[in-house]
Amino acid sequence: MKLAAVAAVIAFLYALPAVASGQPYVLHIIALSCLYAIPAIGLNVMLGYTGLVSLGHMAFAGIGAYTAAVLMVDAKLSFWLALPIATITAGAAGFAVGSICLRFRTHYFMIVTLAFGLLLHQVMNNWDEVTRGAAGFPGIPRPAPLAIGDWSHSFGPLAGFYRLALTGLLAAFALQWAIVRSDFGKVLVAIRQDEKLAGFKGANTMLYKTTVFALGSAIAGFGGVLFVSFLRAASPDAFSLAESINMVLIVIIGGAGYLAGPLIGALVYIAVPEYLRAANELRLVLFGVLLVLITLFAPQGLAGLLQSGWKRVRR
Amino acid sequence: MPEGFLEQVINGLMMGSVYMLVALGMVLIYGVMHVLNFAHGVLFTVGAYVCHLLLTRVTGSYALAVVLSMGVLAVLGIALEHAVFRPLRGNLRSQVIASLGLILAIENTVVWIWGPNALQMRIPATQSIVALGELHFNLHLLVVIGVTFAVVAMLFLFLKTTKLGTAIRATSQSAEAALVVGIPVESVHRFTFALSTALAALGGALLGPLFLVFPTMGDEPLVKGLAAIILGGMGSVPGAVIGALVIGVAEALSTLYFPTDYRDSVAFMVIVLVLIARPQGLFGVRMRGED
Amino acid sequence: MARRFPRFSLFKLVLAASLALFAGAAVAQQKLSIGIVTAMTGPLAAPGKFQLNGFRLAEEEINQAGGLAVGGRKYLVELKVYDTRGNAAEGASAMQRLASVDNVPVVLGEVLAGAAAAEAPIAQDNGLPFILTVSTAPNLTGQGNPFLFRVNAHNDHLTVALAEFVARQGWGPVAFIAWNNDTGRNGVNAMRKLLGANKIGYVGYFNVGDVDFSSHVTNIRTGRAQAVMLLMDEEPGSLAIKQIRDAGLKVHLIGTLAMGSDRFLKRLDAQKLDGMVQYNAFPPNVDLPRIKNFAQRYKAKFGEEAHGFAAQSYDGLMIAAAAMQKAGSVSNRKAIRDALASIRHEGVIGTIQFDKTGQAKPPVYVTQWCSDGRRRVLYPESMKADCGAG
Amino acid sequence: MIEVRGAAKRYGGVVALADCSMAIERPGIYGLIGPNGAGKTTLFDVITGATLPDAGRVRIEGRDVTGIAPHRLAALGVARSFQECRVFPQFTCLENLGFSLQMHRVGKTLRREQALRMLRLVNLESYADEPAASLSFGQRRLLEIVGTFIVQPRFLLLDEPASGVNPMLLETLTGFLRAMYQQRPGVFLIVEHNMQFIMELAQELIVMHQGAVLDRGAPEAIQASPRVIEAYLG
């Protein structure tokens, strides 16, 4: 029953370009929400399930994005080759940085991730020869059409890319789901609850945390590649400290430690401001207040609220 | 030693003393309540704006405006402590996240009220230039440094000699023990928060005339203040003072040796290295909040 | 014909503006939405404001003249303004919305290069002409996007005259204090290219929001720089000059167009600015009717001296209007694009004509502050004029 | 089997362990007692790798394990409980036990079976699917201790297992510990303040005082030891 509902929603989303062909703006917003939800899933695995509050998450999305940009534009590599390479690069960078950051805990961990986030952002901003510097990296291509046998799909037009973004999100979501259900995920949740105890029970917590940092960074990098391919331009500002903090905001508002949390968070973060386009400063004020209220009164985020609301309805 | 080395040290000490005010406020809160308040930077900004408002609309006296803005911010601090930080006590993660939310809310409220453009705060009395040999300094900068050091001295005296100061130090060592010996921990928390936000306001009000008053003016002092208290060892007041000065000097000196577009990272990488070598910071006794 | 047409339209506008005062109630006209993307909040809100002022003035003048006459009908222009905060993703969404929901025939604006780079391809997808009026990053044009146009001179072009001037003065080494963003970095790179690396002294970058320049000042002193180029906006610019002068540094100051205005003077004093040169796209006091007139109208509406960004943006909207007239349509985007590609427009900043990459080459100026707080024009030679004309 | 040689540890100015040496040669239930601040918990922390001693070595079965990571000790068959009682609060009782088993590479299907069996032994089976946070303190304590036994450790260190447990549950606990020892004898080292409980259970008592081992012997002998009485009263 639940499965059927999910399948129906997914089918509807895939069919949307055909239904809403006159609504490219809607497709654009949903695609963008997907592209924010992917790094948010990466952060949810770290923050929501393992309890690692990284304040430099988007820097790894940036590593993926710029790696792919350079590979596609300068090395003339195909998107389909650049995507896995960039994802792995972001993951490797996450592993290296994570193994330093994870020597620290709580506040110290946050500050050290913030420090690395700043450093990586400065590299993107300052390394003119490779990243094209602060002015941004224009001319990043959309993926080339894919043809398997008789079936072919092109990703240049909005509708085509929309399906790719959706597929990317589903892949990231499926990975998250697999992680959470696995024994590996069990250890992560144990670490979140009581890291010391998990260690005495026999978990090599450092290894698990580093792995999850690398994994989260790889997911962020994967999202970053799709993001710049969607925008067809990369800009260091998209991977700044402020964006990393916004990512934390997305995960918390959506519901940290819930499978659907990052999706809800990204949708709220992207779609609501688009809806409120008029009131600009005010909408950021509202987001700030919402974040404070959620930490105070609904630490489970919107996903948690929905779940408990649903339980109440069913009762 | 490259040319200009000494001068850079002086530059660094000056900026370091500005960072100090922010660092002190943060370290007091951290020590007593174990809260890392990321919103401290925007409170600094609000302090500057309130001071500007009081100076131009209410009183013509800069000194009075500074003191009043400290009062206003102290009240705001108490309100925040009561509404946000007290309910989240003991939950580090939520406190940090709530303070990130406060940054968004407060900074954009400032933009909403005062607009995105910078305001100027001119205090004619402190505009002149003081020459020290070949070097020239703006008088207001010397005022800032003088006031900062006076405040630091007063704070130390206060913490060491008064009953309330002793209560603060006791609470920061162990809240439970403080409760046992009859210290009203709740009141100490409230007072510490008020003191800390008043210090933030003082920083903003002092810095406004030297530079400009603008919505993101608190970001830099926040980041540097944060760096300072980590370097000094979280929770150590003398550590914060030294940490702020070290950060200021390291930053200024880094311009002699490193490309300036990596200046911010240089400061932070120094901190990461120090932490790897000495996890408790320069003056910290031990890490708190480990488990 | 193409040459005379815009002039005629401008003349008509001015005439109609005065007539409109007497005309009273006009016939009900149709609305024509024009898309604007700009930074109204965020770190680049200040330049965004000047940009929007220029659009607003053009909107008002067109409407007071009774609207835009295209294909036998009159249209009242209505600006659809979206704030992008200089953020690429928000800019892309705004552009998509303007293209498909608001269905505008043309979009103008953007301040930040990174956002413009993400907006331009979406404009191209939708066959929607997009006119940049402020962003100066050189690599924006030249991406093979036929729908992208830029009214203002880009960085390399802007700095040419200044570099020539600096080279002629024999100042060296030239030090820099520059924003660590596209404005600052592109400026430094352009000057390095033009002056030669051996003329470049200390380069001090700072982040948007930094206010203390003391360590840069020290390094400039010890580096024995003869001139300092300040690549930033007016707010940090005023702080930097104050700190340089307070420190007693005797160097020639070189600035950007943000530092050649009376507003900038108000932040400092004439003595601190004396002798400073800056490149400029629109010196408001130049003795040319087009410039003087615009400066007056701008002052009447906004109560302050005209800003180059505003003048460029004003021209942007006017050239879009002219292109729609030339195309004879307010909805056929392709025709409007083609009209833009071939148009020659006499704007307030000078003659605007787009090359194959969509880049215009309006005149650029070098102005210099006099000791009395007025400005003189040093370049181009043909316009050389003394204090009070810059 | 467990050997501590010359362990020393200071926290700031406070001496927690001072040249503490102790050896346990054969399986049995050992009680570790001493006045508050004698260094019992610090000794536990040093043995289990939670704390790196300032000086001294720890050996388990002849292998130097000083300061090694807790998870490596767990792999050697060392399990411990905590004075403050630690379980995973959001995990259910089953998940808590299942996690211990998972860490010892027990397959998924076996986990549930074994966990249920253990819960039944301490009368917690009706709480199997309740989160640990909803249990009473005493029940949580039982859960914690069951969680250490379920992996059949060869070295078990319990830190004040009886504190905060009501008399009825205490009986369950005593019976459980005995049964476990009979089933699979190992080194059980138990810090305890409840003298009645530990006297009843332990074969040998080790008395700590001022950061070192003061005396050890059979419970009756220790009860009569003048040194121990002096330490407790002084």
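Welcome! Start by selecting chain B and looking at its contacts: of those with a separation of 6 or more, 75% join residues 24 or more positions apart. Keep in mind as you go that this is a predicted model.

Stay on chain B and colour it by secondary structure. You will find 11 helices and two strands. Walk along the sequence and the order reads α-α-α-α-β-β-α-α-α-α-α-α-α. The radius of gyration of chain B is 19 Å, close to the 19 Å that the globule rule gives for 291 residues, so chain B is as compact as a globular protein of that length.

Next, reduce chain B to its C-alpha trace and turn it along its principal axes, where the trace spans about 60 × 50 × 35 Å. Then bring the side chains back and colour by burial: 56% of the 291 residues of chain B count as buried.

Now add chain C and go to the place where it touches chain B. Here 25 residues of chain B meet 26 residues of chain C. On the chain C side, select helix H2 (45–64), strand S8 (200–206), helix H7 (214–222) and helix H8 (234–246), the elements that each give two or more residues to the contact with chain B. Which of the elements gives the largest share of this side? Zoom in on H7(C), which supplies seven residues.

For a last view, colour the chain C side of the contact by residue class. The residues that touch chain B comprise 12 polar, eight nonpolar and six charged ones.

Methods. Residues numbered from 1 in each chain as written. Chains lettered and ligands numbered in written order. Predicted model: local features only at pLDDT ≥ 70, side-chain atom pairs only at ≥ 80, totals over all residues. Contact = placed C-beta atoms within 7 Å. Helix = DSSP H or I, 4+ residues; strand = E, 2+ residues; numbered from the N terminus. Nonpolar A, V, L, I, M, F, W, Y, C, P; charged D, E, K, R; others polar. Rg over C-alpha atoms; globule rule 2.2 N^0.38 Å. Buried ≥ 20, exposed ≤ 12 C-beta atoms within 10 Å, placed from the backbone.
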